[in-house]
Amino acid sequence: MSTFRDGLAVSEGIALGPIRVLRWGVPDVPHETVSAEEVEGEVERFHEARTWAGRRIREIQEGTEERLGSLEARIFDPQLLMLDDAEVVDGTVRYIRENRLSAARAFHWRMLELQARWIRTSNPMVLDRLNDLEDLMTRVLHRLLEMPEPGDLTGGGEPAIVVTDNLTPSLTVQMDPERILGIAADQGTRTSHWAILARSMEIPAVAGLVDVSRTASDGQEGIVDGRVGRFVLDPDDRDRTIFHQRKQQFQEWEEELAEIARLDAVTQDGQPVALRANVDIPAEAQRAVQHGAEGVGLFRTEFLVVGRSSMPQEEEQYLAYRQVTEAFPNRAVVIRTFDLGGDKFPMFLHMPAEENPFLGWRAIRVCLDRLELFRPQLRAILRATAHGDVRIMLPLVNDVEEVVKVRELLSEEEEDLRRKGIPFHSGYKLGILVETPAAALDAAELARHCDFFSIGTNDLIQYTLAVDRTNSRLAHLYNPFHPSVVRQIHQVARVARAAGIEVSVCGEMAANPLGAFLLLGLDITALSVAWPSLPEVKKVIRSFRMEDARASARRALAAATAAEVTECLLEGVGDAVDLGAFSGRWSLPASP
Ligand code: PEP
Ligand code: MG
């Protein structure tokens, strides 16, 4: 009998095929000590292994750059940085000299210590970097233990679905997309480096499957659905039929996509909608253009800091911002300043361990405390304004003072750029993400200081309902249609309109067909969604009338429960939107 498991959809596409269970890992390291005379020889061996590993990683990096591009190649930077990090190098040498450990044992110990320190955080961004650490540790240890280099462990044979506990960036880039049909992994998230690479390589992948690598075995069949994040083990005839339907749907969808990209985002009764893209890395800008984005509604900039051991330079930031801006001539590109803390930690900031990181030192709070990080970013964004309609967006703002302070910083930086003759466009807009109930309730005050609002429903829902957005146990309580959320969105939209500033929504809610219907009904006519969702959302927008959306929104605002809100929306949408095609879930019984 078939079983299935839902995980995280990390790379689009769908695949059916035989399973190959991939087992790899850090090799066992014997506890070996050396004599006093051998100590310096071991130090020497360690440095030789380090030099060798550096060379190999750079080779893999160059190959990645050729095949996939420079951004993907940078994924290997953290490993190179770690290889030269004093904590790693000095710590290992000290263990060899003081404890007379073999180079392999000393390096292993040191890396395990660092790993243990990082594991103490529950932060997914830091946990993702553990994967880089393991990749590096495995490579160096293989050299020191004189084992063959870990390479393409996926073996020869017929094309297969790789099922594994976890992957590393270097194992992933060495996969041949012709032979690897899909990936199902127990660990990993969308931001894991291997997952980013799988997306670039267009290998369908599902992560966070917990224990499939322990239940699956070679030769069994599997289905990976990277659109909805599902893995089916031992599919039966019914699953196969669904697979073929979905595969066909997917292919048709790909074809339709090019068609939809050319169409306007406009409702049946002629209301135009500014449909923009959420972009996490600059390389996604081109994909967003191909998917028909009318600009970028949220450019997350954390990719510049997470996994780095030093602060990003102004020039590097400027080039990244400019790249995205130039992809969208005459369109808005909303750049969000660093949203660090919460679930995103850079290594160099030495963030304190916090009891409640989402209620802690996060986003604008970090930036205003660490001006040496914030000022270069503001300057880089200002410089990017010379190349298009760049707008600056501040995350997690609660208070007017925060906006006022940023305006002061901006005018200081503008002054300096002017003095130095560096071009920028002074008419840019400054706005905020409305993502706390404080900001929503105080929207009228904030509107006096902002040029636009963008409602960040991902956080607004979590802070309103006191439901951690990353806690899967609470997923059923994380409801965008809770009346308290709907009313706040309504209130923010009303205030923005009265103040004459644009209001948009850039949280996931805008990518939900019912969500988009509701938001339009609340007269929010600018939406920003993850770029893969653009065609779907555009299709939704084109399928209903604004009048109907408004009527449903009015009824939803009077509803007493989330279920009632959903009911109003379902009724309002009626047959206009094929919801089944969007939710895309396999209709299978729950696994035993
Ligand atoms: C949000 O909170 O809705 C948002 C768009 O920002 P992020 O998901 O990056 O927190
Ligand atoms: Mg947010």
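How accessible is glutamate 113, and does that count as buried, partly exposed or exposed? At 33% relative accessibility, glutamate 113 counts as partly exposed, where buried means under 20% relative accessible area, exposed over 50% and partly exposed in between, using a 1.4 Å probe and protein chains only. The model is a predicted one, so local features need pLDDT of at least 70 and side-chain atom pairs count only at pLDDT 80 or more, while totals for chains, interfaces and linings use all residues. Residues are numbered from 1 along each chain as its sequence is written, chains are lettered from A and ligands numbered from 1 in the order in which they are written, and side-chain values use heavy atoms, with hydrogens and water left out.

Glutamate 113 sits in helix H5 (residues 103-119); helices (H or I, at least four residues) and strands (E, at least two) are DSSP runs, numbered from the N terminus. Its C-alpha atom is 32 Å from that of leucine 371, with the two positions 258 residues apart along the chain. Isoleucine 60, in helix H1 (residues 39-68), is buried, with a relative accessible area of 8%. Leaving aside neighbours within four places in sequence, isoleucine 60 is in contact (heavy atoms within 4.5 Å) with Phe76, Arg139, Ser170, Val173 and Gln174. For the pair isoleucine 60 and phenylalanine 76, 16 residues apart along the chain, the C-alpha separation is 8.4 Å.

Now to helix H18. Eight of the nine residues of this helix (residues 457-465) are buried, so H18 is largely enclosed by the rest of the structure. The buried set consists of Thr457, Asn458, Asp459, Leu460, Ile461, Gln462, Tyr463 and Leu465. These residues pack against three strands and two helices, namely S13 (429-434), S14 (452-455) and S15 (502-505), along with H16 (437-441) and H19 (483-499). Just after H18, alanine 466 takes a positive phi of about 55 degrees.

H18 also turns up at both ligands. With three residues, H18 gives the most to the shell around ligand 1. Of the 14 residues in that shell, Arg300, Arg336, Gly456, Asn458 and Arg469 come nearest, a residue being near if one of its heavy atoms lies within 4 Å of the molecule. The shell divides into two nonpolar, four polar and eight charged residues; here Ala, Val, Leu, Ile, Met, Phe, Trp, Tyr, Cys and Pro count as nonpolar, Asp, Glu, Lys and Arg as charged, and the others, Gly among them, as polar. Oxygen atoms of ligand 1 lie 2.9 Å from a side-chain N or O atom of arginine 336, 3.0 Å from a polar side-chain atom of aspartate 459 and 2.7 Å from a side-chain N or O atom of arginine 469. Taken alone, ligand 1 exposes 290 Å², and the protein buries 99% of that (areas come from the Shrake-Rupley method with a 1.4 Å probe; for residues, only the protein chains shown count as cover).

Aspartate 459 does a second job as a donor to ligand 2, the magnesium ion. The protein donors are Glu435 (OE) and Asp459 (OD), lying 2.0 to 2.2 Å from the ion. Donors are N, O and S atoms within 2.8 Å of the metal (3.2 Å for Na, K and Ca), and water is not among the atoms, so sites may look incomplete. The pair links distant parts of the chain, 24 residues apart, with glutamate 435 in the loop between S13 and H16 and aspartate 459 in helix H18. Glutamate 435 is buried at a relative accessible area of 2%, and aspartate 459 is buried at 2% too.

Threonine 301 lies in the loop between strand S10 (296-299) and helix H12 (314-326) and, at 0% relative accessibility, counts as buried. Its side chain reaches the backbone oxygen of arginine 336 at 2.9 Å and makes a polar contact with the side chain of glutamine 377 at 3.1 Å. A polar contact is a pair of N or O atoms within 3.5 Å; within protein, one must be able to donate a hydrogen and the other to accept it, and residues adjacent in sequence count only if both atoms are side-chain atoms. Not counting residues up to four places away in sequence, threonine 301 touches Tyr321, Ile335, Arg336, Thr337, Phe338 and Gln377.

Two loop residues have a positive phi without being glycine. Glutamate 202, at about 60 degrees, is exposed at 58% relative accessibility. Aspartate 523, at about 65 degrees, is partly exposed, with a relative accessible area of 26%.
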